[in-house]
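Me: I'd love to go through some side-chain interactions with you, one question at a time. Shall we start with the charged pairs and then turn to the rings?

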Amino acid sequence: MEQRRCKPRSARGYLVGCVVAVLLWSVATAQSRYSISEEVNEGTVVGNIAKDLGLDKNTLKDRKYRIVSSNADHLFHVNQNDGVLYVSRKIDREEVCAQSSTCVINLKTVLENPLEVHYVEVEVLDINDHSPIFPQKEKTLEIFESVLPGARFQLKPSRDPDSGHFSVQQYKLSQNDHFRLEVKDKGEDGKIPILIVQKPLDRETAGSHSLVLTALDGGKPPKSGEMNILVNVSDVNDNAPVFSKDVYSVMLNENAPVGTTVIQVNATDLDDGPNGDVVYSFGNSMNQNILNLFYINPLTGEITVQGLIDYEEKDRYEIEIEASDKGLPPLKTDNSVIIRIVDVNDNAPEIEVTSFSSSIPEDSRPGTTVALISVNDLDSGLNGKVICSIGEDVPFALTPSLKDKMYSLVTKSPLDREKKLNYELTIVAKDAGQPPLFSAKQIDIVVSDVNDNRPEFSLSPYTFYVTEANEPGISVFSVKAFDRDETDNALISYHILRDGSGDKVTSFLNINTDSGDILALKSFDFETMKTFQFRVVATDSGTPSLSSNVTVNVFILDQNDNAPVILYPVSSNGSAEGVEEIPRNVNAGHLVTKVRAYDADIGYNGWLLFSLQEVTDHSLFGLDRYTGRIRTLRSFTETDEAEHKLVILVKDNGNVSLSATATVIVKVVEPKEAFAASDVKSATNDEEDNNVTFYLMITLGSVSTLFLISIIVLIAMQCSKSTDYTSKYLQETNYDGTLCHSIQYRSGDKRYMLVGPRMSIGSTIVPGSHANTLVLPDRRTPGEVRHF
């Protein structure tokens, strides 16, 4: 039987070809041969055995044609009705035939009655249904970077279950610069890929290389398989450590605490393992002082502070450092770290006072230099910029000088030692740091005295009251002046200003030049002089000396040194006696006569009271104690005597009262005699009264003039002191006589009383009439006026 074999272009082409081959197959022998592609579907027709054997369908069925022997009988079955051989399931050639290049399955078929055996061969044709597979998906190679080009590294080949042309036909290597691929053909063992180094390796440039090896079979299109190849370049110590910077520079604040990180240097070594492990250290040439200030961590390269950093001591450090690997032998690299110290405001300004004048005259002109002041701050920049100041309420100022950080302390306004003797100046120096630092220095300046103040009297003018009949040579009053200057400029001497005009007042006065006590060289007499005025000059001992003067007003105070003088009856032979005749028929209240008296003293000393010291009949006559009028108390009777004697006592009101007596003889006459006598007497009395009145008016006018002058001076002094006082005059009805009038007033802290003769009822006092002033104890409030 002739056998024909077809080569399918595809699975379906194989099937059609095989069918044609079976139809055209001529039974040349007793064995039939068919071919079929692997992986055809179940039920695919392999061939028509009955037709190829020349058997009809009935024969096949009657004689029970079947497959009786096969090592793969489960792969095929035959239809007894038509004798067609079918595929029972999908056939995997690589499973059935393993690695055989030709895969043939032998089937034994039989016909019964009679028994007839036929052999059938079915060849399973390979298709490209498998891709090449590498034993490992990834392959790692360790190659030293020192390996030379041309080094060969054999790789495990890829396996493809397909056979023949569908097996691995070639290898490809991914594009790279360092490796190439060489394939060695070992026949049945397949093709072996070999990796060849074609360019020197550098681990520091490329520590590893990733390659892809691809295996291709002969299919169209071909199937492929890949294997990743990782080439690790093993290190050799061929690189020294390299710092990240050529020179390190850093700023560090002074007074940084111990442990503060200054900088962390970094060096890298392209080598690997110990060859790339870097350790840091200071250079061998480093100064020990720097080693005491800084520390470097050998593992991290961190430089830290381990001592006191002081900008004022050194503002820049240059540190030599080394980076070394751990290779054998180790490789080293040197570098520098420049540390610039940043100034911190840690120094307060310092104040130094030079050329200091602790005492300055008070007449110094503004701008006079008192002291030179220098300030210094060890810090720099704004931290070392210093501003000096003093208080604004002092007459001094700080002016910058031409030299930096120098100031002049000068006066800015006139000084007055009498207002302020010394100044405690506080000079404050403040820098411009943040926060600023301060320092202060106190300067004590004493203002020295110059004679620029005149002596000043404690009062101006002075008013003194001196009792008459003072003892000569005794101090009667004192003036006092003070000078606000000091030492000799305040040493005062006194003298009385004598103008050379022959003033008699100053001639009997003397003054103590040191104390200002004024002595009277003779006694004063109020009745002769009521008041006087002079000037005292106070002169200091300065150079040139200064002086001032003050007016002293002196008022003489009256004493009771004058006894009353009887004006009527007229005195003769040392006694005052008069005769009065009155008619017997007068009624009660008839004015018999009036006793008139005068006292040269003033005030209480001149206040006269009248009393009957002796009288023959107390029931007949009465005396007005204030006016001296003698009146009848009743009418005369026949039994009354014709002559009566009245002794009148006139007494003043001094502390030790003085008195005088007058005798009045009253004769009671008949009315006719009385009329005749009265005419003669009236004429005589009128003449006497006129004479007495004339002298009295002259005396009162003189005294009034002096009193008026005293009052005017006193009022002027009081007005100059701005002392207010008022006065009212008390009018006492039914009063007339020699009772004196008085006015109390206040001046400063003293109370005074002006006294003078009482005027007629309803009239006001005429100042100056026998005036006098008494100093009274203070019993009332200021400004109160009292009248007597």
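Me: How far apart are the closest N and O atoms of Asp185 and Lys191?
Reply: Happy to help; keep in mind that this is a predicted model. Asp185 is exposed, at 54% relative accessibility, and Lys191 is partly exposed, at 21%. Their side chains form a salt bridge, and the closest N and O atoms are apart by 4.0 Å.

Me: Which residues are joined into one network by salt bridges that share partners?
Reply: The structure holds 16 salt bridges. Where salt bridges share partners, they join into one network the residues Arg417, Glu418, Asp449 and Glu486.

Me: How many residues apart in sequence are the parts that Glu121 and Arg33 tie together?
Reply: The two side chains meet in a salt bridge, with N to O at 2.2 Å. Glu121 is buried at 16% relative accessibility, and Arg33 is buried at 15%. Glu121 lies in strand β7 (residues 116-125) and Arg33 in strand β1 (residues 31-37), so the parts they tie together are apart in sequence by 88 residues.

Me: Is Glu116, the salt-bridge partner of Arg63, buried or partly exposed?
Reply: Arg63 and Glu116 have their closest N and O atoms 3.5 Å apart. The pair links distant parts of the chain, with Arg63 in the loop between α3 (57-62) and β3 (66-70) and Glu116 in strand β7. Arg63 is buried, with a relative accessible area of 14%. Buried means under 20%, so Glu116, at 28%, counts as partly exposed.

Me: Which side chain makes a polar contact with the side chain of Asp431?
Reply: Asp431, in strand β30 (residues 422-431), is buried yet has no salt bridge. The nearest side chain of opposite charge, Lys430, is 7.9 Å away. The Asp431 side chain does reach the backbone nitrogen of Gly433 at 3.2 Å. Its side-chain polar contact, at 3.0 Å, is with Asn345.

Me: Is the pair of Phe477 and Phe534 stacked or edge-to-face?
Reply: A pair of aromatic rings is described by the distance of the centres and the angle of the planes. Both Phe477 and Phe534 are buried, and they belong to one aromatic cluster that includes Phe457 and Tyr462. Their ring centres are 6.2 Å apart and the planes lie at 25°; planes under 30 degrees apart count as stacked, so the pair is stacked.

Me: Which lysine lies over the face of Phe526?
Reply: Lys420 lies over the face of Tyr423, at 5.3 Å from the ring centre. Over the face of Phe526, at 4.4 Å from the ring centre, lies Lys530.

Terms used
Residues numbered from 1 in each chain as written. Predicted model: local features only at pLDDT ≥ 70, side-chain atom pairs only at ≥ 80, totals over all residues. Heavy atoms only, no water. Phe/Tyr/Trp six-rings, centres within 6.5 Å; stacked < 30°, edge-to-face > 60°. Buried < 20%, exposed > 50% of the residue type's maximum accessible area, 1.4 Å probe, protein only. Lys NZ or Arg CZ within 6 Å of the ring centre and 35° of its normal. Helix = DSSP H or I, 4+ residues; strand = E, 2+ residues; numbered from the N terminus. Lys, Arg positive; Asp, Glu negative; His and termini not counted. Polar contact = N/O pair within 3.5 Å; in protein donor to acceptor, adjacent residues only side chain to side chain.
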